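This report describes the fold of one protein chain, two of its helix pairs and a few of its residues. The sequence and model come first.

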Amino acid sequence: MSSSPSPLSARGSRLALLVVGLCWLAVLFDGLDMFIYGSVLPHLLETRTFGLTADQAGDLGSYATFGMLVGALAAGTIADRIGRKRLMVSCVVLFSLASGVCALADGVAVFGLGRTLAGVGLGGLLPTAISMVSDYAPRGRGALVIGLLMTAHHAGGILSAYVAKWLIDPVGWRAAFWVCVLPLLFAPVLAKLLPESLSFLVAKGRGEEARALAERYDVEVPAVKTGGAGERWTSLANLFRGDEWIQTLLYWVASFGGLLLVYGVATWLPTLMRAEGYELGSALSFVVVFNLGGIVGMLVAGRAADRFGAPRISALWFALTAAGVFLLSVHMPMTVTMIVVFLTGVFLNSAQTMIYATVSIRSDADNRATAVGWTSGMGRFGAVFGPWLGGQLLASGNGDWGFTAFAIAGLSSMVFIGIAALRSSRRTPTGSEQQLVAVH
C-alpha cells in the first residue's frame, strides 16, 4: 500500500462515502431528537400538559443539554475502551429508547428523565461521529467532510418541525416522540456496515486489522498517538501559563455565550414566535427556515474564514446574529420575518463553529485538541443555561425580552472573541492551514 494514496482514490472515496453516509444519518436522527422538544413545546404549554409551566419547560430543555454535557465529556473515555463504532451504536440506542420514555411519560419527572438520558446519547454521538469521518475523510478534504456532516444536524431540525406539524393535531404530541424511537431500527444497520475507527484500532495495538482495512480501501493508517492522562493534564495546564490564562478564559466565555444563544434559540424559537402572535404552523415553519439557514451557514463559513480569517468572521457573524435575533422581537410582515429567520440561522450556528476554528488556529499543535475540547466543554454550560433562561423570562411575564436576552449573549460573544483575537500575538495561518472545526 502506498503511504500517500491519492485523495481521490476510488476505493478510498467509496469508504469515505460509506462512513460519511452512515454518520450523516446518525447525526440526522441526533438533530431530530434534539429539536423535537422545541417543536412540540408550544403545544405542551398551550394545553398545559402535565400542568407544565414556562419555567418548568425551561428546566426540561436544560435537562437535555446537561445530559449532552455529560455525554460529550464521557465520550472520549468510553470510546477509548469500547471503540468509536460501539459508542455510536450505543448512543443511537440510548437516545431512541429515551424518546420512548418521553412518549410514555405520565408526568414532568419521567419526561425530564427521558430528556436527560436522550441528552447523554446526543452529546456522546456528535463528537464521536466527527472523529469517525475525520479518520476516513480523503486527505485534504477533512474540513469539507465535517461541514457536510454538520448539515445533518440541521436537517434533523427541519424534520422535527415537519413531524410536529403533521402529527400533533391529528394524533397528539406523544406521536412525535414515537417517531424519535424509530432510529432504533437504524442501530443494527450501523453496527453491521460501519467500520471501526482506524485510530482506535491502532491505539489498541490491532495494527494488522487496521492495515487490512486500510489496504482494502486504499486509505492511510493513522500514526500511533502517545501520551496518557499525565500529558493531557500538562496540556491543560499549558492553557493557563503566563498570560495564556486570559486568552483561555476569553475563549471560554465567548463559547459560553455562543452555545447559550444556539441552544436557547433552538429550544424557544417556536414558542417565542408564537408569543409574538404567529400561528403555530407559521412558528414551526420558522424552525424549518432557521435550519435551512444553518445548513447554508455551515457550507459557507469555512470558505469565508479561509479568506478573511476565522476570528474576524466569528466576531462579525455574532454581530449579525445578535441583530437578527433582536429583529425577531419585532412583528414584521411574514416574508420579511422569514428572511430574517433564515439569515439568523446562517450566522448563528456557524458563528459558534468559528470560535472553535479560532481556538484551533491560535493554539500550539501540541495543545490544540485540549484547547478546542475545553472551549467546547465550558461552552456547554451555556447550552444548559440558555433553555433555562428562556423559561424564566416567559414564566415571569417577560417573554418579550427573550429575543433581546439572546441577542445580548451574541453581542457578548462578539466582544470576547474580538478581544481574544486582538490580544493574540501569533500570526493567523491562512489557506490550507485553516480547518473548519465543527463541535456542538
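The crossing of H12 and H14 is right-handed; a crossing is right-handed if the near helix is turned clockwise from the far one by less than a right angle, and left-handed if anticlockwise. The model is predicted, so to speak of local features a pLDDT of at least 70 is needed, side-chain atom pairs count only at pLDDT 80 or more, and totals for chains, interfaces and linings use all residues. Residues are numbered from 1 along each chain as its sequence is written, and side-chain values use heavy atoms, with hydrogens and water left out.

**Helix pairs**

Helix H12 covers residues 280-308 and helix H14 residues 334-362; their axes are 6 Å apart and meet at an angle of about 45 degrees. Axes here are lines fitted to C-alpha atoms, for helices over the stretch in contact, and angles run from 0 to 180 degrees between N-to-C directions. H12 is therefore oblique to H14, given that angles under 35 degrees count as roughly parallel, over 145 as roughly antiparallel, 65 to 115 as roughly perpendicular and the rest as oblique. The contact of H12 with H14 has 15 nonpolar, eleven polar and no charged residues. In this division Ala, Val, Leu, Ile, Met, Phe, Trp, Tyr, Cys and Pro are nonpolar, Asp, Glu, Lys and Arg are charged, and the others, Gly among them, are polar.

Helix H3 (residues 84-104) packs on helix H4 (residues 108-136) at about 155 degrees, with their axes 8 Å apart. This angle makes H3 roughly antiparallel to H4. H3 passes H4 in a left-handed crossing, and their contact holds 18 nonpolar, five polar and three charged residues.

**The chain as a whole**

The protein chain has 16 helices and zero strands; both are DSSP runs numbered from the N terminus, helices being H or I with at least four residues and strands E with at least two. Of its 440 residues, 57% count as buried. Buried means under 20% relative accessible area, exposed over 50% and partly exposed in between, with a 1.4 Å probe and protein chains only. Among contacts (heavy atoms within 4.5 Å) between residues at least 6 apart in sequence, 83% join residues at least 24 apart.

**Selected residues**

| Residue | Location | Relative accessibility |
|---|---|---|
| Arg-48 | loop between H1 and H2 | 48%, partly exposed |
| Phe-50 | loop between H1 and H2 | 27%, partly exposed |
| Ala-105 | loop between H3 and H4 | 1%, buried |
| Ala-152 | helix H5 | 0%, buried |

Most residues other than glycine have a negative phi. Arg-48, which is not a glycine, has a positive phi of about 50 degrees. Phi of Phe-50 is also positive, near 60 degrees.

What is Ala-105 in contact with, leaving aside its neighbours within four places in sequence? The partners are Phe-50, Val-110, Phe-111 and Arg-174. Arg-174 is 69 residues from Ala-105 along the chain, and their C-alpha atoms are separated by 9.0 Å.

Ala-152, in helix H5 (residues 142-167), is in contact with Trp-24, Val-27 and Leu-28, its neighbours within four places in sequence left aside. The C-alpha atoms of Ala-152 and Leu-32 are separated by 9.4 Å, although the two residues are 120 apart along the chain.
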